[in-house]
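Here's a quick briefing to read alongside the sequence and the 3D view. Have the structure open and click along as you go.

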Amino acid sequence: MSDTETTVMITPSEVIEHVYCPRFTYFMNVLNIPQFEDRRFKVLKGREVHKRRESENRSYLRKKIGAIKRDLNVYLASPSFGVRGVVDEILALQDGTFAPLDYKYTPYRENAFKTHRVQITLYGLLAREAYRKPVTRGYVAYVRGGSRLVEVPIGEAEESAAKTAVAEVLDIIQTGRLPKKTPHRVKCGDCCYKNICV
């Protein structure tokens, strides 16, 4: 039996749900209440985009950002870190560093969403461990309304924030405690748990 079969492992997607609202962790991972993501339009559209990206332009390299090689749909896991997941692409860059790239079916913003920054940082940490290469940045490709690429720095501050979020998720799973709701009530409107979250 491998370490990943005996160690509690969470995904970057679970971490960004937690960053969005900590109660997601409680409902999904403690009470095991599914989100029924397959009923949500954005989730379905995102999956469609990922499938299309897998089959189109498999040899395409993003030379403008210095990519010289890319691996697609890379499974990464770190039992010591407690995180596992599949990143859309890992880019080998001309400067000797590696960078994760993730596609999002979300409208473009000049700065990546906080949840996306945390997710790409987690993929960066996993890639650094797996490839044993420096990872100083990652990329988020916003494909809704045209494909726009946003560079996300991966430095000490970003790594610390991502590791803190992972620790919070694991603490809730291990203790079973109910965390506070998000202070941003506007997020509750589209939440699949709003009817049971009191």
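Let's start with a charged residue: E89 has just 3% relative accessibility, so it counts as buried, the cut-off being under 20%. Its salt-bridge partner is R70, with the closest N and O atoms 2.7 Å apart. Keep in mind that this is a predicted model.

**Overall layout**

- The chain has six helices and five strands, and along the sequence they run α-α-α-α-β-β-β-α-β-β-α.
- Of the 198 residues in the chain, 43% are buried.
- Take the contacts with a separation of 6 or more: 64% of them join residues 24 or more positions apart.
- The accessible surface adds up to about 11300 Å², and carbon and sulfur atoms account for 50% of that.

**Salt bridges**

- Searching the whole structure turns up six salt bridges.
- Back to R70 and E89: they form a salt bridge that ties together distant parts of the chain, with R70 in strand 1, E89 in strand 2 and their positions 19 residues apart.
- R70 is buried as well, since its relative accessible area of 14% falls under 20%.
- E159 and R128 also meet through their side chains, at 2.9 Å from N to O. This pair links helix 6 (E159) to helix 5 (R128), 31 residues apart.
- Within that pair, E159 is buried at 14% relative accessible area, while R128 is partly exposed at 28%.
- R177 and D171 make another salt bridge, at 3.0 Å from N to O. Here R177 is partly exposed at 39% relative accessibility, and D171 is partly exposed at 30%.

**Nonpolar cores**

- As a rule of thumb, nonpolar side chains in soluble globular proteins tend to be buried together.
- The largest nonpolar core here has 30 residues, and those with the most contacts inside it are I10, V15, L76, F81, I90, L122 and V166.
- Elements giving two or more residues to this core include helix 2, strand 1, strand 2 and helix 6, but the largest share, seven residues, comes from helix 5.
- Click on V15: leaving aside neighbours within four places in sequence, it contacts I10, V118, L122, A165, V166 and V169.
- There's also a second, separate core of 10 residues, with L93, Y103, Y139 and A141 among them.

**Helix 5**

- How far apart are the end C-alpha atoms of helix 5? They are 25 Å apart, which agrees with the 26 Å expected for 18 residues (114–131) at 1.5 Å a residue.
- Buried residues in this helix include T115, H116, V118, Q119, I120, L122 and L126.
- Just after the helix, R132 takes a positive phi of about 55°.

**Aromatic pairs**

- The count of aromatic pairs comes to six.
- F24 and Y193 are edge-to-face, because their ring planes sit at 70°, past the 60-degree cut-off, with centres 5.5 Å apart.
- That pair joins helix 3 (F24) to the segment after helix 6 (Y193), 169 residues apart, and both residues are buried.
- Y26 and F27 are edge-to-face too, at 5.7 Å centre to centre and 70° between the planes. Y26 is buried at 16% relative accessible area, and F27 is buried at 6%.
- Ring pairs join Y20, F24, Y26, F27 and Y193 into a cluster.

Technical notes: Residues numbered from 1 in each chain as written. Predicted model: local features only at pLDDT ≥ 70, side-chain atom pairs only at ≥ 80, totals over all residues. Heavy atoms only, no water. Helix = DSSP H or I, 4+ residues; strand = E, 2+ residues; numbered from the N terminus. Expected span 1.5 Å × (residues − 1). Buried < 20%, exposed > 50% of the residue type's maximum accessible area, 1.4 Å probe, protein only. Phe/Tyr/Trp six-rings, centres within 6.5 Å; stacked < 30°, edge-to-face > 60°. Core = buried A, V, L, I, M, F, W, Y, C linked by side-chain atoms within 4.5 Å. Contact = heavy atoms within 4.5 Å. Areas by Shrake-Rupley, 256 points an atom, 1.4 Å probe, with all protein chains shown as cover. Salt bridge = Lys/Arg side-chain N within 4 Å of Asp/Glu carboxyl O.
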